[in-house]
Amino acid sequence: MTKVVAITGASSGIGEAVALHLAAQGAKVVLAARGEDKLNALVDRITAAEGSAVAVPVDVSRRDDLAKAVDAARQHHGRLDVLVSCAGVMPIGPLNDLAVDDWDQMVDVNFKGVLYGIAAALPVFRKQGSGHFINIASTAARKTTPNQTVYSATKAAVLALSDGLRQELAGKLRVTVISPGFTETNFPNHISDDKLRAQMREAADEFAMAPKAVAEAIGYAIEQPEDVNIGEIVIRSLNQP
Ligand SMILES: NC(=O)c1ccc[n+]([C@@H]2O[C@H](COP(=O)([O-])OP(=O)(O)OC[C@H]3O[C@@H](n4cnc5c(N)ncnc54)[C@H](OP(=O)(O)O)[C@@H]3O)[C@@H](O)[C@H]2O)c1
């Protein structure tokens, strides 16, 4: 694979696994997240394995930051072929808690962050005449449970956004939405309530798959012939009902 791929949320979990997997396949990866130290460590790891990676500090809730990530791809490689929007947060809790700051953060990162990525990359993709948006939703987009309501709503929004984008861009650009189930990452640590965090950890212990599985699904979508679009991949561990 010789594609130039920008990945938000690349500093840990699924985004990190995507970066490692695609770089090992020969992609030139542009790593975007807020945690610069982690991004730089990942760049070192990929370059030590003779891969190509650059880091760009990005807060996806800031529109201009996404433009910086896309610009970095063009400056280093002259183009951007794929944008993987993976940055996400899950400070879940009951609506009754009225944790409005957490609601804002989930909307800003999980949903608006994806929109800002589209705003930054779409003009570049249009000019190139090719490009691929890959957005990370969740199985929680279709099946919510108490305490996860706002998180699920942001992921349902990503699902709808991705399907509408796919239809609007049909014949021109590719759009894929990936809906993972429980995945072994830092995600339970986003939850401040001790009891709820312990419950999520327990569920993760029972059901979670390795982030590499999601990374490989993304690689599959990218490697299809240019006239083939994988619209959605839903991927869970065998244990998850
Ligand atoms: N783990 C699961 O069970 C699961 C299941 C379904 C879907 N997902 C989705 O998978 C995606 C990745 O999550 P993960 O499980 O890999 O969790 P994770 O290990 O906590 O990774 C989250 C990533 O998002 C980045 N991020 C958070 N806020 C950001 C911001 N404002 N700007 C830029 N980057 C930001 C983090 O980097 P910094 O903190 O360095 O910015 C980190 O790289 C999320 O969209 C999540 O909703 C996860």
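**Ligand shell, helix 4 and selected residues in a predicted model**

Ile92 counts as buried, at 7% relative accessibility. The model is predicted. Ile92 sits in the loop that runs between strand 4 (82-85) and helix 4. Its C-alpha atom was compared with that of Ser138, 46 residues away along the chain. The two C-alpha atoms are separated by 14 Å.

Leu98 belongs to the loop between strand 4 and helix 4. Here the relative accessible area is 59%, so Leu98 is exposed, the threshold being over 50%. The backbone of Leu98 has a positive phi of about 50°, although Leu98 is not a glycine. Most residues other than glycine have a negative phi.

Glu50 is another non-glycine residue with a positive phi, in this case about 70°. Glu50 lies in the loop between helix 2 (36-48) and strand 3 (52-57). With 77% relative accessibility, Glu50 counts as exposed.

Helix 4 covers residues 100-128, a total of 29 residues. From its first C-alpha to its last, helix 4 reaches 40 Å. This is close to the 42 Å expected at 1.5 Å a residue. Helix 4 nevertheless contains a kink of about 40°. The kink is centred on Lys112. Gly129 follows just after helix 4 and takes a positive phi of about 80°.

The ligand is surrounded by 30 residues. Ser12, Ile14, Arg34, Tyr151 and Thr185 come nearest. By class, the shell holds 15 nonpolar, 12 polar and three charged residues. Two helices, helix 1 (13-24) and helix 5 (149-168), each supply at least two residues of this shell.

Both side-chain and backbone atoms approach oxygen atoms of the ligand. In the side chain of Ser12, an N or O atom is 2.7 Å from a ligand oxygen. A polar backbone atom of Gly35 is 2.8 Å from an oxygen atom of the ligand. For Thr183, a polar backbone atom is 2.8 Å from a ligand oxygen. On its own, the ligand has 880 Å² of accessible area, and the protein covers 93% of it.

Arg174 is found in strand 6 (residues 174-180). Its relative accessible area is 5%, under the 20% cut-off, and Arg174 is therefore buried. Two contacts involve the side chain of Arg174. One is a polar contact of 3.4 Å with the side chain of His132. In the other, the side chain of Arg174 reaches the backbone oxygen of Val228 at 2.9 Å.

Asp194 is located in helix 6 (residues 194-207). At 53% relative accessibility, Asp194 counts as exposed. The side chain of Asp194 makes a polar contact of 2.8 Å with the side chain of Arg197. Leu122 is 72 residues from Asp194 along the chain. The C-alpha atoms of Asp194 and Leu122 are separated by 41 Å.

Definitions and conventions. Residues are numbered from 1 along each chain as its sequence is written. Side-chain values use heavy atoms; hydrogens and water are left out. A residue is near a molecule or strand if one of its heavy atoms lies within 4 Å of it. A polar contact is a pair of N or O atoms within 3.5 Å; within protein, one must be able to donate a hydrogen and the other to accept it, and residues adjacent in sequence count only if both atoms are side-chain atoms. Accessible areas come from the Shrake-Rupley method with a 1.4 Å probe; for residues, only the protein chains shown count as cover. Helices (H or I, at least four residues) and strands (E, at least two) are DSSP runs, numbered from the N terminus. Ala, Val, Leu, Ile, Met, Phe, Trp, Tyr, Cys and Pro count as nonpolar, Asp, Glu, Lys and Arg as charged, and the others, Gly among them, as polar. The expected span of a helix is 1.5 Å times one less than its number of residues. The bend at a residue is the angle between axes fitted to the seven residues ending there and the seven starting there. Buried means under 20% relative accessible area, exposed over 50%, partly exposed in between (1.4 Å probe, protein chains only).
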